[in-house]
Amino acid sequence: MSQAFDVVVVGGGAAGLAAAIEAREAGRSAVLLEKNAQLGGSTAWSIGSITATGTPHQRRRGIDDNPQDHWADMPGFAGELAARDNDALRKILCDEVPAAFQWLLDSGIRFMGPMPEPPHRKPRMHNVLPNSRAYIHHLERRAHRAGVDIRVRTRVARLLQDGGRVRGVETLDGQRFVARGGVVLAAGDFTNGADLKARFMGAQEAKVEGVNLTATGDGQKMAEALGAKILNGDLALGPELRFIAPQKETLARRLPPWRALATAMAWSLEHLPAALLRPFVMQFLTTALAPSPALFEAGALLVNRKGERFGEERGRPAWRVPDQPGKVAYIIVDGALARRFSAWPDFISTAPGVAYAYLPDYRRTRSDVYTQAPTLAALAQKLGMPPAALEESAGARLAQPPFIALGPVRSVFVHAEGGLAVDEQHRVLGAEGQPIPGLYAAGSTGQGGLLLKGHGHHLAWAFVSGRRAGRFAATSSMGA
Ligand SMILES: Cc1cc2nc3c(=O)[nH]c(=O)nc-3n(C[C@H](O)[C@H](O)[C@H](O)COP(=O)(O)OP(=O)(O)OC[C@H]3O[C@@H](n4cnc5c(N)ncnc54)[C@H](O)[C@@H]3O)c2cc1C
């Protein structure tokens, strides 16, 4: 069975939704194919920060900012990798994120901020309210209003090419979608694609799961089959230690993405004392973020389920956790360390510029990953570890009661930077470096060698590149 559209979009996260909406609002027919039962992808897993200049939020605070300064500041995040960046795509990102931010506001999405994040010279980081599902909720509604045909549980398996031009896609169950103008690949990254991670990063990295288990690099692989190239496949945020997700979703994640609620929250965050808001903010910090490496520098232990240390804690412990029983570990501190990590400047986790979470915050908001006992032997018993093994691991290093275990922690990839080489119209480049006619890529799939370090640049790119790829594919369908 074959169905024809002007634009076929693969993937229903930030980039795919933006592409499909733009194509449809340009007057072309558009179908969005999503392999999961729901739209969202990594976008819905994210914290939701987006970095932009020239926003109404900046103006309200009298912050005079511009895309040129944003472009100049970004290499400060990339550090020694800066020479590998794609300067032209970075320019597009910085020039167009103000309009993309306004487009998100016009779609009903609300933000708090901006927060400072050096080396940005001005506060540019905005956080979505009440949580990142708001992006999907509001853009899905806008897509429906525009008349985008959305198909979930529809996994694209390969691209259809004819006479050198991509003409459409075929799904795993054999459906064919013909694209008169173009196919936009917006299928996310390969944080959970063991094959691509083994090839670009290494065998040990391939054992580490992505936070988003369905981010398997399908878009990159389908385009590679046509000669496309993956750039920066070796770069990723991870492996890093993260506390396991709470059994029950926190209130912060369960809040409905209604505009009225988000507007009320934005007002509260501007006007209510920080102390009142702290319990709410803590739910984000203790759910989603990594434990600080400073814990290990100060002497905290990392042990496996058998109570055994498995290497030097300060030497990239996240690389070795996947080899431990159950792929998990526990951070052990004594009373002295516990006191130290209860107040500034020694925090357990942070979202830079937003807030800091200390040990008592974990005791209050994450009792599922907080275990305390008067002796090491009692702590081991509570955790089901052999007491002698934990005592031996601690040696003389941890001496003052009480003893506290934080965990389980596991090792994860948060995002991976390996995206397809694209030109400035988001056309995927083939083996000889020339565009593959009819094929576009956006978001992580179409990252094109762009370096997105610093908070909020990944979502910024997903929205900017998605909107642009959708428009270019729509324009191409007019001439088709
Ligand atoms: C825990 C976490 C926190 C983060 N926090 C931030 C943050 O605060 N700020 C920021 O800028 N970035 C953040 N990121 C990164 C950011 O979320 C991603 O880079 C961004 O959402 C990518 O958007 P995308 O549209 O390219 O991909 P996704 O949002 O992953 O969308 C891709 C979609 O394609 C679908 N798909 C894949 N293969 C197929 C197929 N074969 N057929 C059909 N559909 C398919 C997927 O199911 C998915 O729905 C975070 C990521 C994580 C995991």
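This section describes the nonpolar cores, helix packing and backbone exceptions of a predicted model.

The largest nonpolar core contains 81 residues, and Val 183, Leu 185 and Phe 463 have the most contacts inside it. Helix α6, spanning residues 87-106, supplies the largest share of this core, with 10 residues. Apart from this core lies another, made up of 39 residues, including Phe 296, Ala 300, Val 369 and Ala 394. In soluble globular proteins, nonpolar side chains tend to be buried together.

Val 183 belongs to strand β9, which covers residues 176-185. The relative accessibility of Val 183 is 0%, so the residue counts as buried. When residues up to four places away in sequence are not counted, Val 183 touches Val 8 and Val 10, then Leu 159, Val 166, Gly 168 and Val 169, and finally Gly 438, Leu 439 and Tyr 440. Val 183 is 128 residues from Gly 311 in sequence, and the C-alpha atoms of the two are 48 Å apart in space.

Leu 302 is part of strand β14, formed by residues 301-303. Leu 302 has a relative accessibility of 2% and therefore counts as buried. With residues up to four places away in sequence left out, the contacts of Leu 302 include Leu 241, Phe 296, Glu 308, Arg 309, Phe 310 and Glu 313. Leu 302 also touches Pro 317, Val 321, Ala 329, Tyr 330, Ile 331 and Val 409. Phe 296, one of these contacts, is among the residues of the 39-residue core. Leu 302 is separated from Ala 245 by 57 residues in sequence and by 19 Å in space, C-alpha to C-alpha.

Three helix pairs illustrate the packing angles. Helix α1 (residues 14-25) packs on helix α7 (residues 133-146) at an angle of about 25°, and the axes of the two lie 9 Å apart. Because of this angle, α1 is roughly parallel to α7. The two helices, α1 and α7, make a left-handed crossing. On the α1 side the contact involves Leu 17, Ile 21, Arg 24 and Glu 25, which meet Ile 136, Leu 139, Glu 140, Arg 142, Ala 143 and Ala 146 of α7. By class, the residues of the contact of α1 with α7 comprise 6 nonpolar and 4 charged, with no polar residue.

Helix α7 also meets α6, with axes that come within 10 Å and cross at roughly 80°. This angle makes α6 roughly perpendicular to α7. Trp 103, Leu 104 and Asp 106 of α6 form the contact with Tyr 135, Leu 139 and Arg 142 of α7. The contact of α6 with α7 has 4 nonpolar and 2 charged residues, and no polar ones. Leu 139 and Arg 142 take part in the contact of α7 with α1 and also in the contact of α7 with α6.

In the third pair, helix α17 (residues 376-383) packs against helix α18 (residues 387-394) at an angle of about 125°, with an axis separation of 8 Å. That angle makes α17 oblique to α18. The crossing of α17 and α18 is right-handed. Leu 376, Ala 377, Leu 379, Ala 380 and Gln 381 of α17 are in contact with Pro 387, Leu 390, Glu 391 and Ala 394 of α18. The residues of this contact are classed as 7 nonpolar, 1 polar and 1 charged. Ala 394, on the α18 side, is also among the residues of the 39-residue core.

Backbone geometry is considered last. Most residues other than glycine have a negative phi, and most peptide bonds are trans. The peptide bond from Gly 113 to Pro 114 is cis, with omega near 5°. Pro 114 is located in strand β4, residues 110-115. A cis peptide bond also runs from Trp 344 to Pro 345, with omega near 10°. Pro 345 occupies the loop between α15 (335-340) and β16 (349-351).

Positive phi values occur at two arginines. Arg 153, a residue other than glycine, has a positive phi near 50°. This residue, Arg 153, is in the loop between β6 (149-151) and β7 (156-162). The relative accessible area of Arg 153 is 64%, so the residue is exposed. Arg 316 is likewise not a glycine and has a positive phi of about 50°. Arg 316 lies in the loop between β14 and β15 (328-333). With a relative accessible area of 52%, Arg 316 is exposed, the cut-off for this class being over 50%.

Technical notes:
Residues numbered from 1 in each chain as written. Predicted model: local features only at pLDDT ≥ 70, side-chain atom pairs only at ≥ 80, totals over all residues. Heavy atoms only, no water. Axes fitted to C-alpha atoms, helices over the stretch in contact; angles between N-to-C directions. Helix = DSSP H or I, 4+ residues; strand = E, 2+ residues; numbered from the N terminus. Parallel < 35°, antiparallel > 145°, perpendicular 65-115°, else oblique. Left-handed = near helix turned anticlockwise from the far one by under 90°. Contact = heavy atoms within 4.5 Å. Nonpolar A, V, L, I, M, F, W, Y, C, P; charged D, E, K, R; others polar. Core = buried A, V, L, I, M, F, W, Y, C linked by side-chain atoms within 4.5 Å. Buried < 20%, exposed > 50% of the residue type's maximum accessible area, 1.4 Å probe, protein only.
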